[in-house]
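Subject: Structure for you to look at, with notes

Dear colleague,

I am passing on the structure below, together with some notes on what turned up when I went through it. Please read the notes with the structure open beside them.

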Amino acid sequence: MAVLVKQLASSRQFEAKVCVTGQHRQMLDGVLELFEIEPDFDLNLMQAEQDLSDLTAHILQGLTPILKAFQPDFVLVHGDTTTALATSLAAFYQKIPLAHIEAGLRTSNLYSPFPEEANRRLISQLAHLHLAPTDQARTHLLRAGISPEQVFVTGNTVIDALQTILQKKPQNPPLAGSKKLLVTVHRRENLGQGIDNLCQALRELVQTQPDLEIIFPLHLNPKVQAPVQQMLGGLSQVQLLPPQDYATFLALMQEAWAILTDSGGIQEEAAALGKPVLLMREQTERTENPNVVLVGTDSCKIVSQINRLLGDKAAYEELAQVQDLYGDGRASERIVGVLEGYFQY
């Protein structure tokens with residue numbers, strides 16, 4: 001949302017204020033500093049062992065007095081997080097119109113990904129404007145009964161952010177020599193056995209592939225950190241890193257040979273960078289992306305697919321194509337235009 005914040009700040013038509021929940025404080029503050037954004041409201045809700053019910057309730061309780069005091073004509077939320085859902089509900093309770101950015105992503109399973117699939121479906125029932133990243137996302141919304149007049153294909157603001165940073169720091173070519181496999185994992189459904197299976201696969205790979213280097217920034221969740229440190233710590237071909245700031249992580253993506261992840265947004269960033277993605281999920285809401293291969297958390301499948309790409313140059317190159325599926329870096333500009341048009345009626 002950072003580039004959109006900047007676009008709104010430069011608009012003469014809008015007075016825009018930024019509210020953050022403060023979840024994952026360390027990662028949030030790095031992004032705010034990078035894009036030079038100072039939030040107007042900070043709920044500072046980060047707590048250890050906080051479950052979804054607690055977080056949802058705290059966001060509702062923290063945001064309601066802000067909405068009553070500022071009285072916005074519109075509230076903007078992005079994606080499918082608990083923050084986005086709770087904010088949408090808070091806006092609905094105050095009868096404030098809602099614009100949903102990255103609207104229309106869908107899988108066929110309400111519980112996959114969890115809770116994001118349910119979150120975005122529920123947000124669609126509350127939103128007045130649906131700002132879809134792709135034509136496929138628009139189709140999902142129309143099939144769900146959303147009026148075509150409320151749906152706009154804008155691209156995704158994540159590509160705006162990526163291009164903004166790359167313009168400041170041009171893309172680096174991959175380094176010669178070892179092949180760097182960038183790994184991230186954080187989804188709730190992969191905690192426990194899924195992470196154990198991932199670590200088992202990575203141990204097997206480094207034992208059989210001496211040129212493979214694993215770069216693994218660890219999520220702050222102790223349920224991620226503890227098993228990964230235990231199973232992979234000390235292996236010479238595995239670099240376990242703390243969470244990286246956005247610019248540094250983009251640099252890691254640029255240098256990566258391939259990416260093994262369960263992230264949604266990384267699928268879009270990797271497409272823009274032309275990086276193959278091995279996705280540790282059973283389903284994806286970004287089925288239009290030809291760079292993605294579903295591997296789940298089956299250790300045998302992870303090993304098999306990575307070995308295939310290592311041994312088959314044509315198969316690798318087929319997945320390593322730069323794609324503009326998710327936007328051209330002007331999504332924020334289009335969103336502001338949609339909002340300007342809305343208030344002309």
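Is E285 buried or exposed? E285 is buried, having a relative accessible area of 3%. Please keep in mind throughout that this is a predicted model.

**The chain as a whole**

The protein chain has 14 helices and 12 strands. Its radius of gyration is 20 Å, close to the 20 Å that the globule rule gives for 345 residues, so the chain is as compact as a globular protein of that length. Along the principal axes, the C-alpha trace spans about 65 × 40 × 40 Å. Buried residues make up 50% of the 345 residues, and of the contacts with a separation of 6 or more, 64% are between residues 24 or more positions apart.

**Salt bridges**

Side chains of opposite charge can pair when their charged atoms come close. The structure holds 15 salt bridges, and E285 takes part in one of them, with R281, at 2.8 Å from N to O. R281 is buried as well, with a relative accessible area of 3%; the cut-off for calling a residue buried is under 20%.

R286 forms a salt bridge with E268, also given as 2.8 Å from N to O. This pair links distant parts of the chain, since R286 lies in the loop between strand 11 (277-279) and strand 12 (292-294), while E268 belongs to helix 11 (residues 265-273), 18 residues apart. Both R286 and E268 are buried.

These four residues also belong to a network of salt bridges, in which D80, E102, E117, R120, R121, E268, R281, E285 and R286 are linked.

A further pair is D328 and R334, whose closest N and O atoms are 2.7 Å apart. In this salt bridge D328 is partly exposed, at 38% relative accessibility, and R334 is likewise partly exposed, with a relative accessible area of 30%.

**The six-stranded sheet**

Six strands form an open sheet with parallel pairing, in the order 9-8-7-10-11-12. Strand 9 (238-241) and strand 12 stand at the edges with a single partner strand each, so one side of each is left without a neighbour in the sheet. From one strand to the next, the twist averages 20°. Within this sheet, strand 10 (residues 258-261) runs parallel to strand 11 and is joined to it by three bridges; L260 has L278 in strand 11 as its bridge partner.

Helix 8 (residues 193-208) packs on the sheet, where it touches strand 7 (179-183), strand 8 (212-217), strand 9 and strand 10, and its direction makes about 150° with that of strand 8.

Which residues does L182 touch, not counting those up to four places away in sequence? L182, whose place is in strand 7, touches I215, P217, F249, L252, M253, A256, A258, I259 and L260. It counts as buried, at 1% relative accessibility. L182 and P217 are 35 residues apart along the chain, and their C-alpha atoms are separated by 8.2 Å.

L278 appears again in connection with Q305, a residue of helix 12 (residues 299-311). Leaving aside neighbours within four places in sequence, Q305 is in contact with L278, V293 and V295. Q305 is buried, with a relative accessible area of 18%.

**Strand 3 and strand 4**

In a regular strand the side chains alternate between the two faces of the sheet. Strand 3 (residues 75-78) has V75 and V77 on a covered face and L76 and H78 on an uncovered one. Strand 3 and strand 4 (residues 98-101) run parallel and are joined by four bridges, with L76 standing opposite A99 in strand 4.

**Helix 7**

Helix 7 (residues 157-168) has 12 residues, which at 1.5 Å a residue should span 16 Å; the end C-alpha atoms are 17 Å apart, which agrees. The buried residues in helix 7 include T157, V158, I159, D160, A161, L162, I165 and L166.

With best wishes

How values were computed: Residues are numbered from 1 along each chain as its sequence is written. This is a predicted model: local features need pLDDT of at least 70, side-chain atom pairs count only at pLDDT 80 or more; totals for chains, interfaces and linings use all residues. Side-chain values use heavy atoms; hydrogens and water are left out. A salt bridge is a side-chain nitrogen of Lys or Arg within 4 Å of a carboxyl oxygen of Asp or Glu. Helices (H or I, at least four residues) and strands (E, at least two) are DSSP runs, numbered from the N terminus. Buried means under 20% relative accessible area, exposed over 50%, partly exposed in between (1.4 Å probe, protein chains only). Two strands pair if DSSP finds at least two bridges between them. Axes are lines fitted to C-alpha atoms, for helices over the stretch in contact, and angles run from 0 to 180 degrees between N-to-C directions. Contact means heavy atoms within 4.5 Å. The expected span of a helix is 1.5 Å times one less than its number of residues. The radius of gyration is taken over C-alpha atoms; the globule rule is 2.2 Å times the number of residues to the power 0.38.
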